[in-house]
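The following paragraphs lead the reader through selected features of the structure shown below. Please keep the coordinates at hand while reading.

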Protein chains: 4
Amino acid sequence: MDELLQSIEQKVRPLIGSGKVADYIPALAKVNPNQFGIAIYSNNGELYHTGQADVEFSIQSISKVFSLTLAMKHYGEDMWQRVGREPSGNPFNSLVQLEYEAGIPRNPFINAGALVVSDMNQSRFATPHYAMREYLRRLSGNENLTSDKVVANSEYEFRARNASMAYLMKAFGNFHNDVEEVLHNYFDNCAMRMNCIDLAKAFSFLANKGYCQHSGEQIISAREAKQVNGLLATSGLYDEAGNFAYRVGLPGKSGVGGGIVAIVPNRFSVCVWSPELNTSGNSLAGIAALEALSDSIGWSVFG
Amino acid sequence: MDELLQSIEQKVRPLIGSGKVADYIPALAKVNPNQFGIAIYSNNGELYHTGQADVEFSIQSISKVFSLTLAMKHYGEDMWQRVGREPSGNPFNSLVQLEYEAGIPRNPFINAGALVVSDMNQSRFATPHYAMREYLRRLSGNENLTSDKVVANSEYEFRARNASMAYLMKAFGNFHNDVEEVLHNYFDNCAMRMNCIDLAKAFSFLANKGYCQHSGEQIISAREAKQVNGLLATSGLYDEAGNFAYRVGLPGKSGVGGGIVAIVPNRFSVCVWSPELNTSGNSLAGIAALEALSDSIGWSVFG
Amino acid sequence: MDELLQSIEQKVRPLIGSGKVADYIPALAKVNPNQFGIAIYSNNGELYHTGQADVEFSIQSISKVFSLTLAMKHYGEDMWQRVGREPSGNPFNSLVQLEYEAGIPRNPFINAGALVVSDMNQSRFATPHYAMREYLRRLSGNENLTSDKVVANSEYEFRARNASMAYLMKAFGNFHNDVEEVLHNYFDNCAMRMNCIDLAKAFSFLANKGYCQHSGEQIISAREAKQVNGLLATSGLYDEAGNFAYRVGLPGKSGVGGGIVAIVPNRFSVCVWSPELNTSGNSLAGIAALEALSDSIGWSVFG
Amino acid sequence: MDELLQSIEQKVRPLIGSGKVADYIPALAKVNPNQFGIAIYSNNGELYHTGQADVEFSIQSISKVFSLTLAMKHYGEDMWQRVGREPSGNPFNSLVQLEYEAGIPRNPFINAGALVVSDMNQSRFATPHYAMREYLRRLSGNENLTSDKVVANSEYEFRARNASMAYLMKAFGNFHNDVEEVLHNYFDNCAMRMNCIDLAKAFSFLANKGYCQHSGEQIISAREAKQVNGLLATSGLYDEAGNFAYRVGLPGKSGVGGGIVAIVPNRFSVCVWSPELNTSGNSLAGIAALEALSDSIGWSVFG
């Protein structure tokens, strides 16, 4: 496996230079683009990694999956009254569909959906970001995880579009807490710094019927894990979910920090990272690496 | 397995009466709603079925998958210049997205996408519908398959919305043949009559790395089979792809005739049929049956 | 007045060269761009003109006003069940709004609206185009007016987008006749050839409380004339109605042939023509000429 | 004239009861619906009125015209870089078009447009609302005009949709000041209380080539007055601009407080008020009264 990972790294590193690091906030724009890491964690607890798998990056939208599974514990099936389960067909930060569909976001992985889920968590936790940080430390087994305040503050400063979405949902009655407070917690969660190894371990419960072996906890039920993976497969990669299913064939979630996690149900969780993004906002080298992995070991869940 | 199928039939039959048979054309509206059938075909050639699995019905949109795999042989990757691979997020017969996206339909399983694929086949075959009929007879092993002329003519009579889409794509240069001719072939394909057993067998190549064992043919490559399944998982069930991934967790394709096919990669192909539809246009009892099956034998590809 | 017209011609002729002749069909693209004409017809029967005011051109969308007033005689207020009276806010040939608003076009001056009005006239006249030609000959006092068959056939050949709109309205039940037949009559009407003098005279009834002095006919009632002018003021210039109200301040209607007619209520009808169009599809020199006229003699109805 | 106004009042009062008072904020919902007033002010300084023409009401969106003319003095033609001049074709508070058109609102009379104009005024005045109050006192000749703090606070409390629009424009770079501050000033302006007489006088400059006779000031140029009237004619009545042009034929502006002002260029300014609204958000009895007036004295600018 180590050999395979190294050969994949060699294959995709040349792609670095043809993508573009996220630059909508200064704090993200200054990351060194010339980085690549991958980590694979098996349901038996085996860990494989190569490249900069131990370098922390901003998890950004990957945090949306954790927000969702955290909220599922408190809201169960009721949560689907406030957020849908269908692909959106529109950019991740569009307001058009949100207005046509009366403030109910299409799914929990577009920004509007993640904001509603954050609003739910805001109603349940006294300090939602600390609850999330604690949750991520437990899931990853890394007690030192923290959020990058510079990034979080920068996101907040450039919050206009997310604020617009939150207020639109509030206008439709689908946002219950103070917009500014929820945004602060939302950005703190997005700004969590984790490395590929942390994330591969933190996502292992989705590959393992909801069970996190290193913490010994049943995070969500086996049925819920299967459901979350189904949602990731249809809506986890922004505008590129169909293409990712076509090329890679795994449930996954990407973030503009350049990370992508993918689940091989009942076997592995994977995290790949490289900061340069393609035009859909997904890590260019990351997708190529996952495609190569999928081809090499027949990982696609689709055949 | 036979026992399981019978228990599922008993479980979902009571749902009949709470859906609605498709009535947009008279020829479909008069089907007896009180029918249910299911057939499962394994990669070893074993066949299981129960209920009205041998009663023919109108395959309707299920034909879109066959049109696609037929066109893939002739166009390969080039075909994705003219049709996308992403979920649409809009109703299957909407023109809004088509106009905003310059006449390139989102995927081959919404009507606009299937019309473009039909237009491709029109350019390659002298008599496209007969090519399709021959293809379906080979895939199903049933030499008697025919199209229902009454249904096809009725579809043609009420062709206005499909004609509107075809002309809009023509206005954008993404439709090369005569609109009326393509529509005739498209409706003839939709009006093919097949039963659950026919369809389970005809779809077996998608479960079997592109290989159709009963005809001994490699229909498409293993890689292509995996890709088609990926597209089905993200776009195969109209507005309900996300929900189907959440509840059932299999690549699938539905039709307004009440049929749904699903693929269990490397193991089985399944067809379930019951004419009453839910509000998304998918067989109500059909989805319930697939969910029960998925729960019983852990079929979901997602865990 | 003649002097004023000549000074305006001198002022706007230099603009020729900065616009673009309509080229969506070959038959229109080959017109000599270096032409400009203007004609003013007073309610007293005085005629003033300059430039190529006697050169015929393709009236195109200007015909939509005649179709409307012809239909008003037969349908009266009932016609507003099938077509709205509001500005569209979308390009003249867009389908988006038409789909969202269930096949009811926003107003009679966008293409979809004019097609519905043509469909109404199709239901009332055995030979709708001949009825229109006869109507235009009477209104203009020119017995020799004809339609350009080459242009009409070329429009028909490139009918895809208009056909798409017509079929979409048919799908919503708002189109009663055969699409192809209505399109033929519609394009024959658009292809009518008239010069500035013909059009100034033909529109005089809208400036004169519905009365056409040279034919001695009350074409529509004074109230209806006022109403049609109101609709022209809000929806007569495609995407530029607001700008035209701001700069010129008169009810008007433009066509892609480069003609623009404007009404000075109770005083004059005007037609200006120059083939090059601005980015909104309106005659570039034409709008400039009308603005200069409006400024010179205080014609704006708005102050 | 007094007699005419009384006969019109008698004619339209029975309509009261078939509309609906604005109830999106509690402070507006409690107004007594059984009220009607009208005032006409001539360019000679003659004043005619009947009914509750001296009862103050919340001017709401009518304030958008004053914001515009105030900003025009400071920005001139430059202001049209940040806001368009075309009818929107969408509800006054929609975000869809705003997103498609990169944060440039269609015109200054939909909410988004008025918010941009308020943002411009915020950049020019230390205390924008006090500048507006002073401006309105001068224009109306009524030194006692004030804003209703209860209404303004209630609007602010339910600001979500307006906040959403402002933040969306900020995301596109078309909003320069703090959203909350601009909203406060915007709502204070909307909550100004004026009666029909105040408003007829305050709008007289638009009927009088930009000149306000009772204050002796040239408020804007004659050319600008004509331009503003042109914009009002195409965009002043929300979704009903076309219908208002068809039925009444005057530039006008309505507010959800039930007021409507209309301009008879070079002759009169008019204000009519009755709190119940039609489904487009315009005063039901108000529009009927203006239509009756227009019919009686041939006021339509369109013939």
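In this predicted model, B:Tyr41 has B:Leu47 of β3(B) as its bridge partner. The pairing to which these residues belong, that of β2(B) with β3(B), is antiparallel and extends over five bridges. The two strands form a hairpin with four residues between them, and within the turn B:Gly45 adopts a positive phi of about 95°.

The hairpin is part of a wider arrangement. In general, the strands of a sheet pair through backbone hydrogen bonds, in either the parallel or the antiparallel sense. In chain B, five strands make an open sheet in the order β3-β2-β10-β9-β8, with antiparallel pairing. The edges are occupied by β3 (47-51) and β8 (252-254) of chain B; each has a single partner strand, so one side of each remains without a neighbour in the sheet. On average, neighbouring strands of this sheet are turned by 10° against each other, direction ignored. Strand β2 of chain B, comprising residues 37-42, also pairs with β10 of chain B, residues 268-273, in the antiparallel sense over six bridges. In that pairing B:Ala39 is placed opposite B:Cys271 of β10(B). Helix α14 of chain B (residues 284-297) packs on the sheet and touches β2, β9 (259-264) and β10 of chain B; the direction of α14 makes about 145° with that of β10(B).

Chain C may be read in the same manner. Its open sheet consists of five strands in the order β3-β2-β10-β9-β8, and the pairing is antiparallel. Here β3 (47-51) and β8 (252-254) of chain C are the edge strands, each pairing on one side only. Strand β2 of chain C (residues 37-42) pairs with β3(C) in the antiparallel sense over five bridges, with C:Tyr41 opposite C:Leu47. Helix α1 of chain C (residues 2-12) lies across β2 and β3 of chain C and runs at about 25° to β3(C). Helix α14 of chain C (residues 284-297) packs on the sheet as well, where β2, β9 (259-264) and β10 (268-273) of chain C are touched.

Attention now turns to helix packing in chain A. Two packed helices are described by the angle between their axes and the distance between the axes. Helix α3 of chain A (residues 63-75) packs against helix α5 of chain A (residues 111-124) at an angle of about 45°, the axes being 9 Å apart. The two helices α3(A) and α5(A) are therefore oblique to each other, and their crossing is left-handed. The residues of this contact between α3(A) and α5(A) comprise seven nonpolar, five polar and two charged.

Helix α3(A) also meets helix α6 of chain A (residues 128-140): their axes come within 11 Å and cross at roughly 100°. The helices α3(A) and α6(A) are therefore roughly perpendicular to each other. On the α3(A) side the contact includes A:Phe66 and A:Leu70, and on the α6(A) side A:Met132 and A:Leu136. By class, this contact of α3(A) with α6(A) has six nonpolar, three polar and two charged residues.

How are chains A and B related? A rotation of 180° with 0.0 Å of shift along its axis superposes chain A on chain B, with an RMSD of 0.0 Å. The two copies are thus related as by a two-fold rotation axis. Among the residues of chain A, A:Gly89 comes closest to the rotation axis, its C-alpha lying at 2.2 Å. Of the interface residues of chain A, 100% are also interface residues in chain B, so the copies meet through the same surface.

Notes: Residues are numbered from 1 along each chain as its sequence is written. Chains are lettered from A and ligands numbered from 1 in the order in which they are written. This is a predicted model: local features need pLDDT of at least 70, side-chain atom pairs count only at pLDDT 80 or more; totals for chains, interfaces and linings use all residues. Side-chain values use heavy atoms; hydrogens and water are left out. Axes are lines fitted to C-alpha atoms, for helices over the stretch in contact, and angles run from 0 to 180 degrees between N-to-C directions. Angles under 35 degrees count as roughly parallel, over 145 as roughly antiparallel, 65 to 115 as roughly perpendicular and the rest as oblique. A crossing is left-handed if the near helix is turned anticlockwise from the far one by less than a right angle, and right-handed if clockwise. Ala, Val, Leu, Ile, Met, Phe, Trp, Tyr, Cys and Pro count as nonpolar, Asp, Glu, Lys and Arg as charged, and the others, Gly among them, as polar. Copies are superposed by least squares on the C-alpha atoms of residues with pLDDT of at least 70 in both. Contact means heavy atoms within 4.5 Å. Two strands pair if DSSP finds at least two bridges between them.
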